[in-house]
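Subject: Handover of a protein structure

Dear colleague,

Please find below the structure that I am passing on to you. My notes on what was found in it follow directly after.

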Amino acid sequence: MMNGDNDDVGGYLNPGTKRGSDELLAQTGAVSNGSVMSPAPNHADNNNDAKKVKLDTKNPGAPSRVIHIRNIPNEVTEAEIVHLGIPFGKVTNVLVLKGKNQAFLEMSDEVSATTMVNYFTNCTAQLRGRAVYVQFSNHKELKTDQTHSNANPSAQAALQAAQALVNQTDTQGGPNTVLRVIVEHMIYPVTLDVLYQIFSRVGKVLKIVTFTKNNTFQALIQYPDVVTAQAAKMTLDGQNIYNACCTLRIEYSKLSNLNVKYNNDKSRDYTNPNLPTGDPALDSALAIGGMPFTGMPLAGVTPTAAALGAAGIRLPGQPSPNCVLLVSNLNEEMVTPDALFTLFGVYGDVQRVKILFNKKDNALVQMSEPHQTQLAISHLDKMKTWGKQIRVTLSKHQTVQLPKEGQPDAGLTKDYSNSPLHRFKKPGSKNYQNIYPPSATLHLSNIPPTVDEEQIKDAFAHAGASVKAFKFFPKDRKMALIQLGSVEEAIAALIKMHNFQLSDSSHLRVSFSKSTI
């Protein structure tokens, strides 16, 4: 067990240094590239290759510009240690002893170091979810031998990045609890919940506000303290949310606090889950069968959709991800489980659908993956369907219950787990690359050679659609585009015409297109 006031360092003291409360590692211990090494027989040269650390000692307990950090997780990097110090001043050196779960941070002056120690006396520092202990070191300086100063590239890189960061704050807001996040190259939709999942991996997120400015999706994200915001900026700036796209650009906001009035898909205050959504119809629906917008971390936004560069690790203790949607304000004369299966099936594999017995304009739709619920929310919420603007949100239910045997259900609940019509069964399915919001133009595929343009147009007209244009793909006559009178018409046509039998062996496949004719 480590004593609170012990600096436990592998390495070398200047000649004449007294050992006291400053007990070092066994004299044989050495540090190489920041990790502790124990010399083995016939490996005496380990000590020669080690990064030799010189520590000038002073009176214990007095302020020092060297800070001792204990109880660090094994996998912590030099950059993470450095970012603990950045908000308080210039960091001039860092040493991580991974085998001993300790680190040393040298600040440019005692004032910065004192500010940091005082701050973490009142508020516990955390690294990767573990509480770490910050105190003055008994050494007044942390020096590495000149010949070994570049022995640890990661330490050098962390210090250079820290200096660049300090210089950069001259052109934007200084270190702050609120970050401004811009998402570039947004090929896939990025939702508030996806941002929450990514940014809460660094620390507790208090509030998020999203908006579009200059045709770019942006967000303001508030953390409880400057240190966590700093960590998020260092860790996530320049990362891709999905493979080769949706790049995060992060800077400090000039705002120091976010004022959130509504908890909905655009803004969220995680410290106050009882805020209204700002939509009276949705607020009443949530009171019946939904869940408040508490911002459950969606641990399932995984590489099945595309590689999550910035957020590929699931943290322990996260709630299980929710795959059930509440769909409200439906046209109860038109809605059926099969219709919802087809429409929501454009954005994921629907497992079960239940239309609520006592409120038939509400339904529960269970998807197979949490990221599919996010795709459905971002593309179908507020879409006009059968004459009504439907609302789509996460449900408080984790699964859709099937009726017990003999229980009357009037065909309102249906299980689709074994359906042959799922679009995304194959891992990494190409269909993920062709997910688009509802549009007036539909993409048709699986057209047999015996069926011509007029037959297809007639079939859509019989389904109640007004066909404005039609075009076969020049290089592949199995595919075509058909343009209808409106987005609402196209939604209704997709529901009726997907899996429509065109010939004895061919069923039409229909999806929304990004193109127009």
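Thr342 is placed in helix α8, which covers residues 337–344. Please keep in mind while reading that the model is predicted. Is Thr342 buried or exposed? Its relative accessibility is 13%, and because buried means under 20%, Thr342 counts as buried. Leaving aside residues up to four places away in sequence, Thr342 touches Leu494, Ile495 and His498.

The chain as a whole

The protein chain has eleven helices and 27 strands. It consists of 517 residues, of which 51% count as buried. Among the contacts in the chain with a separation of 6 or more, 70% are between residues 24 or more positions apart. The chain exposes about 24000 Å², and carbon and sulfur atoms supply 49% of that area.

An enclosed helix

Helix α5 spans residues 192–199. Eight of its eight residues are buried, so helix α5 is largely enclosed by the rest of the structure. The buried residues of α5 include Leu192, Asp193, Tyr196 and Phe199.

A sheet and its helices

One open sheet has five strands in the order β6-β7-β5-β9-β8, and their pairing is antiparallel. Its edge strands are β6 (91–97) and β8 (125–127), each of which pairs on one side only. From one strand to the next, the twist averages 30°.

Within this sheet, how many bridges join strand β5 to strand β9? There are four, linking β5 (residues 66–70) to β9 (residues 130–136), and the two strands run antiparallel. Ile67, for instance, has Phe136 in β9 as its bridge partner.

Helix α3 packs on the sheet and touches β5, β7, β8 and β9. The direction of α3 makes about 140° with that of β9. Helix α2 (residues 78–85) lies across β5, β6, β7 (102–107) and β8, and α2 runs at about 135° to β6.

A residue in helix α3

Glu110 belongs to helix α3, which extends over residues 110–122. Glu110 has a relative accessibility of 38%; because partly exposed covers values between 20% and 50%, Glu110 counts as partly exposed. Glu110 and Gly89 are 21 residues apart in sequence, and their C-alpha atoms are 10.0 Å apart in space.

With kind regards

How values were computed
Residues numbered from 1 in each chain as written. Predicted model: local features only at pLDDT ≥ 70, side-chain atom pairs only at ≥ 80, totals over all residues. Heavy atoms only, no water. Buried < 20%, exposed > 50% of the residue type's maximum accessible area, 1.4 Å probe, protein only. Contact = heavy atoms within 4.5 Å. Areas by Shrake-Rupley, 256 points an atom, 1.4 Å probe, with all protein chains shown as cover. Pairing = 2+ DSSP bridges. Axes fitted to C-alpha atoms, helices over the stretch in contact; angles between N-to-C directions.
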